[in-house]
Amino acid sequence: MERTLFIIKPDGVKRGIIGQILSRIEQRGFHIEQMKMVEPNQDLIDLHYQALLDKPFYPAVRNFMLDGPIVVGVLAGEQAISGWRTMMGATRPEEALPGTIRGDFAQAAAPGQAIQNIVHGSDSPESAEREIRIWFGH
């Protein structure tokens, strides 16, 4: 059984599609072990996106992630990391295929804004462990 972190970003929360995303997770057969809605602060977002801090686009990402509450959770199941990433779709909404969360729900961002792509998922077992520890303390 593999575990991964998922985040429903501020755009997903604001648009009221939390239930649709959670339904897809459950329909896929993944188990939601933990979940909470949080209003993250800058330190938490910076810790989560530590690898991006020196990127020129990072301030826009930080501002986007601080733009409202998010839903953060841990899902578990066989091949949870790769399965969730497939369900999410390509990072850039215009490249995400129909049937994926981003392909069905993400909208193009205005110039100079961060990509608003609805969800996040850990990209490796190491990232999943690190991100779960950041958000849930274990």
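**Figure 1. Contacts of Arg-85 in the predicted model.** In this predicted model, Arg-85 touches Gly-121, Ser-122 and Asp-123, leaving aside neighbours within four places in sequence. Arg-85 sits in helix α5. Its relative accessible area is 33%, so Arg-85 ranks as partly exposed. The UniProt annotation "binding site", from an unreviewed entry, includes Arg-85. Arg-85 is also among the residues lining the largest pocket.

**Figure 2. Helix α5 and its packing.** Helix α5 spans residues 80-88. Its buried residues are Ala-80, Ile-81, Gly-83, Trp-84, Met-87 and Met-88. In an α-helix there are 3.6 residues a turn, so residues three or four places apart point the same way. The buried residues of α5 pack against several elements: β1 (2-8), α2 (18-27), β3, α6, β4 and α7. Gly-89 follows the helix, with a positive phi near 90 degrees.

**Figure 3. Gln-79, in the loop that leads to α5.** Gln-79 lies in the loop between β3 (70-77) and α5. The phi of Gln-79 is near 50 degrees, a positive value in a residue other than glycine. Gln-79 has a relative accessible area of 56% and is therefore exposed.

**Figure 4. The largest pocket.** The volume of the largest pocket is about 700 Å³. Its lining counts 31 residues, and Lys-9, Tyr-49, Leu-52, Thr-91 and His-120 are the closest to the pocket centre. Four elements each supply at least two lining residues: α4 (58-65), α5 (80-88), β4 (119-121) and α7 (125-136). Helix α4 gives the largest share, four residues. By class, the lining holds 14 nonpolar, nine polar and eight charged residues.

**Figure 5. Annotated binding-site residues in the pocket lining.** An unreviewed UniProt entry carries the annotation "binding site" for Lys-9, Phe-57, Arg-85, Thr-91, Arg-102 and Asn-117. The lining of the largest pocket includes Lys-9, Phe-57, Arg-85, Thr-91, Arg-102 and Asn-117. Two of the annotated residues, Lys-9 and Thr-91, are also listed among those closest to the pocket centre.

**Figure 6. Asn-117 and its surroundings.** Asn-117 belongs to the loop between α6 (101-105) and β4. Its relative accessible area is 3%, which means that Asn-117 is buried. Beyond its neighbours within four places in sequence, Asn-117 is in contact with Lys-9, Asp-11, Thr-91, Pro-93, Arg-102 and Ala-106. Of these partners, Lys-9, Thr-91 and Arg-102 share the "binding site" annotation with Asn-117. A polar atom of the Asn-117 side chain lies 3.1 Å from the backbone oxygen of Thr-91.

**Figure 7. Ile-118, next to Asn-117 in the loop.** Ile-118 is found in the loop between α6 and β4. The phi of Ile-118 is near 70 degrees, a positive value in a residue other than glycine. With a relative accessibility of 0%, Ile-118 counts as buried.

**Figure 8. His-120, the annotated active site.** The unreviewed UniProt entry places the feature "active site" at His-120. His-120 is part of strand β4. At a relative accessible area of 12%, below the 20% limit, His-120 is buried. Neighbours within four places in sequence aside, His-120 contacts Leu-5, Phe-6, Ile-7, Lys-9, His-48, Tyr-49, Trp-84, Met-88, Arg-102 and Glu-131. Among these, Trp-84 and Met-88 are buried residues of α5. His-120 is one of the residues listed as closest to the centre of the largest pocket.

**Figure 9. Met-65 in helix α4.** Met-65 lies in helix α4. Its relative accessible area is 1%, so Met-65 is buried. Leaving aside neighbours within four places in sequence, Met-65 makes contact with Ile-7, Lys-9, Pro-10, Pro-40, Ile-45, Tyr-49 and Ile-70. Glu-39 and Met-65 are 26 residues apart in sequence, yet their C-alpha atoms are 9.3 Å apart in space.

**Figure 10. The annotated domain.** According to the unreviewed UniProt entry, residues 1-137 carry the feature "domain: Nucleoside diphosphate kinase-like". The end C-alpha atoms of this span lie 20 Å apart. Helix makes up 41% of the span and strand 19%.

Terms used
Residues are numbered from 1 along each chain as its sequence is written. This is a predicted model: local features need pLDDT of at least 70, side-chain atom pairs count only at pLDDT 80 or more; totals for chains, interfaces and linings use all residues. Side-chain values use heavy atoms; hydrogens and water are left out. On a 1 Å grid over the protein atoms alone, a cavity is a set of points where a 1.4 Å probe fits but cannot get out, and a pocket is an open set with protein on both sides within 12 Å along at least five of seven lines; lining residues have an atom within 4 Å of a point. Grid points are joined across faces, edges and corners, and a volume is the space filled by probe spheres set on the points. Ala, Val, Leu, Ile, Met, Phe, Trp, Tyr, Cys and Pro count as nonpolar, Asp, Glu, Lys and Arg as charged, and the others, Gly among them, as polar. UniProt positions are given in the numbering used here, feature names are shortened, and annotations may be inferred rather than shown by experiment. Buried means under 20% relative accessible area, exposed over 50%, partly exposed in between (1.4 Å probe, protein chains only). Contact means heavy atoms within 4.5 Å. A polar contact is a pair of N or O atoms within 3.5 Å; within protein, one must be able to donate a hydrogen and the other to accept it, and residues adjacent in sequence count only if both atoms are side-chain atoms.
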